[in-house]
Amino acid sequence: MSLQRQPSSRRNTRIGGILVVLLVLLAGALLLFGSGPLTDRSAWPSEFRSNGERVYFTATSASGPQITSQGGSMHMMMSGGGCVTCHGADRGGGRLMPRFWQSAPPLTAAALFGEHDEATKAEGAAKDDGHGDHDDYTDDTLRRAITDDVDPGGERLDPVMPRWSMAEGDMTDLIAYLKTPVASAQ
């Protein structure tokens, strides 16, 4: 019994066809869902007005200490970005890549520090801001979310959220930046 091998040109044609189909599917997904918040650097500030803003956009500190993370999405790691990679320049959240079917929640002052609960209740819980059902953030619970991936209710955040490690001053600056209204922060 002799097994015949497919000619290499036939095999290459089949592999090429599969690659073309995958590229078309990827291009369609990018057109349909976008490529994530990081790609639009035109929305980034030309100069950072605070260390907290710098940390948010670049995951670097103005004073030099390294800011590192554990976990997070491959897109975030490859982009080398900070919070902006998933939450966007306007802090409004955005599609996660390569998990384009998931969205990062907003990090606006309203979404983090209380007004999101009232907006959701006013709409009869029809609007979900992506933060789940928990109390508003405080400085301490936001610090815990950033470093330990735990929301104010003690629940684990999505595994795509990295656990950040930074100096206390950088954390304080980042939280102060997240408390500013988006209009004045940009």
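# Notebook: helix packing around α8

I began with the pair α7 and α8, and I note that their crossing is right-handed. The contact is made on the α7 side by D139, L142, R143, I146 and T147, and on the α8 side by E168, M171, T172, L174, I175, L178 and K179. This is a predicted model, and I read every entry here with that in mind.

For the geometry of the same pair, I looked up the packing angle of α7 and α8, which is about 115°, and the separation of their axes, which is 11 Å. Since angles from 65 to 115 degrees count as roughly perpendicular, I enter α7 and α8 as roughly perpendicular to each other.

I then turned to α2 and α8, which pack at an angle of about 90° with their axes 7 Å apart. That angle makes α2 roughly perpendicular to α8. In this packing I find N51, G52, E53, V55, Y56 and F57 of α2 meeting D170, D173, L174, Y177 and L178 of α8.

Next I asked myself how many of the eight residues of helix α2 are buried. I find that seven of the eight residues of α2, which spans residues 51–58, are buried, so this helix is largely enclosed by the rest of the structure. The buried residues in α2 are N51, G52, E53, V55, Y56, F57 and T58. Just after α2 comes A59, and I noted that its phi is positive, near 60°.

I looked up the largest nonpolar core, which has 22 residues, and the residues with the most contacts inside this core are Y56, F57, L142, I146, M166, L174 and L178. The elements giving two or more residues to this core are α2, α7 (139–148) and α8 (168–179). The largest share of the core, five residues, comes from α8.

I followed Y56 further, leaving aside residues up to four places away in sequence, and found that Y56 touches G82, C83, V84, H87, G88, R91, L107, L174, Y177 and L178. Of these contacts, L174 and L178 are also listed among the residues with the most contacts inside the core.

My last entry concerns H87, one of the residues that Y56 touches. H87 lies in helix α4, which covers residues 84–87. Is H87 buried or exposed? With a relative accessibility of 10%, H87 counts as buried, because the cut-off for buried is under 20%. I also recorded that the side chain of H87 reaches the backbone oxygen of P105 at 2.7 Å.

Methods: Residues are numbered from 1 along each chain as its sequence is written. This is a predicted model: local features need pLDDT of at least 70, side-chain atom pairs count only at pLDDT 80 or more; totals for chains, interfaces and linings use all residues. Side-chain values use heavy atoms; hydrogens and water are left out. Helices (H or I, at least four residues) and strands (E, at least two) are DSSP runs, numbered from the N terminus. Buried means under 20% relative accessible area, exposed over 50%, partly exposed in between (1.4 Å probe, protein chains only). A polar contact is a pair of N or O atoms within 3.5 Å; within protein, one must be able to donate a hydrogen and the other to accept it, and residues adjacent in sequence count only if both atoms are side-chain atoms. A nonpolar core is a set of buried Ala, Val, Leu, Ile, Met, Phe, Trp, Tyr and Cys residues joined through side-chain atoms within 4.5 Å. Contact means heavy atoms within 4.5 Å. Axes are lines fitted to C-alpha atoms, for helices over the stretch in contact, and angles run from 0 to 180 degrees between N-to-C directions. Angles under 35 degrees count as roughly parallel, over 145 as roughly antiparallel, 65 to 115 as roughly perpendicular and the rest as oblique. A crossing is left-handed if the near helix is turned anticlockwise from the far one by less than a right angle, and right-handed if clockwise.
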